[in-house]
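Trainee: Could you take a close look at one part of this model for me? I'd like to hear how a single helix sits, plus a word on some buried charged side chains elsewhere.

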Amino acid sequence: MPDSAREATRRASPGGQPALEPAPPTTRTVEERGLPAASVSGAYRPVAYEPSPLWRSVYDRVFRHIRVDEGWADAVRAASARGHVVYIGRAQSFLDFLGLDYLVKRNGLPLIRFTNDLGMSVLEPFGRGARRLRGASPMPEENALADTLAANASALLFLRRPPSVSRAMTRAKEGRAGVALEVDLVRTLVELQRKTEKPIILLPQTLVWTKRTANKHPTIVDVLFGPSDWPGRVRTSLQFLLNFRNAIHRGGEPFDLLAFLGENDHMTDAQAADAVRYALLRRMERERTILLGPAHKSSARLKDELLRSPRLRRHVQAAARERQRPYAELEAETRRELDLLAAAPDQNVVGLMDRALRVVWDRIYDGLVVDEEGMARVREAARRGPLVLVPSHKSHVDYLIVSSVFYSHGLAPPLIAAGDNLAFFPLGTLFRHAGAFFIRRSFKGQKLYPHVVDAYIRKVLSEGHNIEVFVEGGRSRTGKLLPPKLGILSMIVDAGLGLSQPVQFVPISIGYERIIEEGSYVRELEGGEKKKEDIGGLLRAPRVLRSRYGRLYLQFGEVFDLASLHREAAGLEPDASEPAPDLSPAKRRGLVSRIAHRITYEIDRVTMVTPAALLATALLAHRGPRLTHAELVSGAAELVQVFRRLDAPVARAITDRSGALRADTLEQAIALFLDAKLMARIGEGEAATYTVPETRRLALDYFKNNVLHFFVPSALVASSLGALGGEAPMTSLRDRVRDLSRLFKLEFQFRADAPFEDIFSDALGQMIEAGEVVWEGDVVRRAAGPDGARVETYAEMIRTYLEAYSVTLESLADPAALPIARKDWNKQVVERARRSLAAREIQRRETLSKPKLESALAAFHELGIVRMDGATLTKTETTHEGIAHWRETIRAHLR
């Protein structure tokens, strides 16, 4: 290694360790290095770049802030082990060269020893500037590149240069590909590759100095200083000076030139060079889109294009004929609807909100735990097409946190489907500029509006935007997932089936150790009226900022694409190459339903067991009025092992390396609950005892419900076994569990990819393996000892739901109960539950939950016991028989 290169490497590499680089050029012949002697001149001696004294003083200070993917360095090393590495840049940029040169030195990667002309005149690197200063002729770039690869060294090639002012004025017509360079070095690479069997691996490199998206149509600033995606030197310098602390680097998918030429041996060198250049530019454009989003289009222009679209125009014309009104009036009405609906994303607002939110998160949360492996999967999926992000919905914070995490991880924030209840001034304006579009909660009685929403969703997906939707509709007040709403999901499926790029669904679980809406949720659960959100309700900053809300967890489920499920629904193999035919209306509805249930299953599967959920479950699973510190610790420790057996993701902070419960984490969760008055403590340390205030059980139940779904299959088996006296023939137990599953069909999200028999067998098999139940001959019974005692714990998990269903059933059994207005029934059943709790007819205050009682009513409607005629509840032909059957069934479970 030349002394100068070694010194530069030591200065830029951590700890002064030399970077990985080839042996000196003199150690092997040209042929041994993989290129024939006829292809090189030997006049160019590749050396690493040495920063000038001026640059050296600030080199590390400015470029150390560049954020890089964790796997980038390993990918480059793997490419270097396979063949010649050539880094590829998009547009000529001295700053991009300096930034990449710094990164390869810092990470010990093959050094850049040649780059094509950067347009810097006497400041050109690798001695070219000095030659020009002396008046000497520069060496042809083709020869220098060949000499570099012959020396087994690496090069950096830029594919285009930014457009000139005159070019920028016409770029909208000519495309967005910059300007071709005078010397076609890609063709030189093709020629060199044809002469050697050693692969030349092209590695696309994307450096982003600003998060401002390019304008779809040039502005005067674009004309004078170059567009933001192909900036001139002045704009590049300003982008760098203003944003170098937030710079991002992304490495694209490696391109094997040898393999490409082998697959396309019919191409001439010129044709191959054009194809390679196009493919590389596409890959780098894709990385920029992943980082920044699609090119910016003004909200007004997007609305104009929508109103001109044939699909929407047909619906507007049909509405005009139906209402017997002029088309112009209906068009104006549609434009007003679009004004209320459409987002107007502004990267300046997104950046300001991100900085402000980070301050708030630091104040109220103890940390944000992001599933980094899942984030890597999401980034990879974004390379294939637009994403539909589907988070769980437990808090208003959900609207903000996903965008904040995407922004901080170098992914374009999504457009967010929000309820129009959040469109109030001034926050509605702020949210709209942050990417929110506002949809009415109900489309009832509105024939044109659903088509306007459908057209908007089609448009933004076709433009390449990611979308965030909440499939539950509203926020869950109970802590568990709500049944999916299919309206907007159906629109997304319809839009996605018509796109050339695959639409991909990303289930996301957002978990909280405490939620800021806790007080309002408890009030609503106990039957209080829901208050409409206003600025005061959302921004009680003094109360929020004085409290601590623990950690916040973001987990990603498996990403799946619409095209594969479409092919399956059409009877084809998921990876079949032929296009799937159009689906019948029934199959299309089935496809939407399947997608919805797969999303909810994935969200449940990856939901994190937080310290708060663990502590709440341990407290509510205890049957006595109080428990000692030792009982709480042992109960929590036992639950940790159960969660692991159930394949539930447990927060790393909960256990140590051996898998044992960490005492300090449990103490932190106890302190959090004590601060929120969710529990009370008498005494200190090992002598402490704990109680749960009756008025706080509903709030505590919220956190238990976050992870209840992991226990549901075991709880159904345990409760059914208890209803049968602790032991029963296998067939009786299976029938009892099946009956209970029917009752809770709308309450819990069961696996959509497996029949009842498989779910039952899996749950019972796990309990047998854990020693909780015993299967001898044809009889299943609860095991003796501590393992068998867990069966009662599982049954206790769903007791409050059985009590709620019992109260609901008795409210319908009253001879004078039906018919009744739904609104009046809601009030009466809550009051009945309060009386039953006071009379000790039900044991748990958590039963007094309005959503549980409403879910029970929906279940009995599904079972044919009550009919919902609009806003009125009436009897059915099977009301009396159904009440008698389910009354006895539920009582057996509660005994």
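Mentor: Here is a walk along one helix, followed by two side chains in other helices. Before that, the ground rules: this is a predicted model, where local features need pLDDT of at least 70, side-chain atom pairs count only at pLDDT 80 or more, and totals for chains, interfaces and linings use all residues. Residues are numbered from 1 along each chain as its sequence is written, and side-chain values use heavy atoms, with hydrogens and water left out.

Our helix is H38, residues 850-862 (helices are DSSP runs of H or I, at least four residues, numbered from the N terminus). Its 13 residues reach 18 Å from first C-alpha to last, close to the 18 Å expected at 1.5 Å a residue (that is 1.5 Å times one less than the number of residues). Buried here are Lys852, Leu853, Ala856, Leu857, Ala859 and Phe860 (under 20% relative accessible area, 1.4 Å probe, protein chains only). They lie on the same side of H38, because they cover an arc of only 160 degrees around the axis (taken from the directions from the helix axis to the C-beta atoms). After H38 comes Gly864, with a positive phi near 85 degrees.

Now the other two. Lys105 sits in H4, residues 94-106, and is buried at 1% relative accessible area; its side chain reaches the backbone oxygen of Tyr49 at 2.7 Å. Glu602, in H27 (residues 585-606), is buried at 8%. Not counting residues up to four places away in sequence, Glu602 touches Pro507, Gly557 and Glu558 (heavy atoms within 4.5 Å).

Note on methods: Helix = DSSP H or I, 4+ residues; strand = E, 2+ residues; numbered from the N terminus. Buried < 20%, exposed > 50% of the residue type's maximum accessible area, 1.4 Å probe, protein only. Polar contact = N/O pair within 3.5 Å; in protein donor to acceptor, adjacent residues only side chain to side chain.
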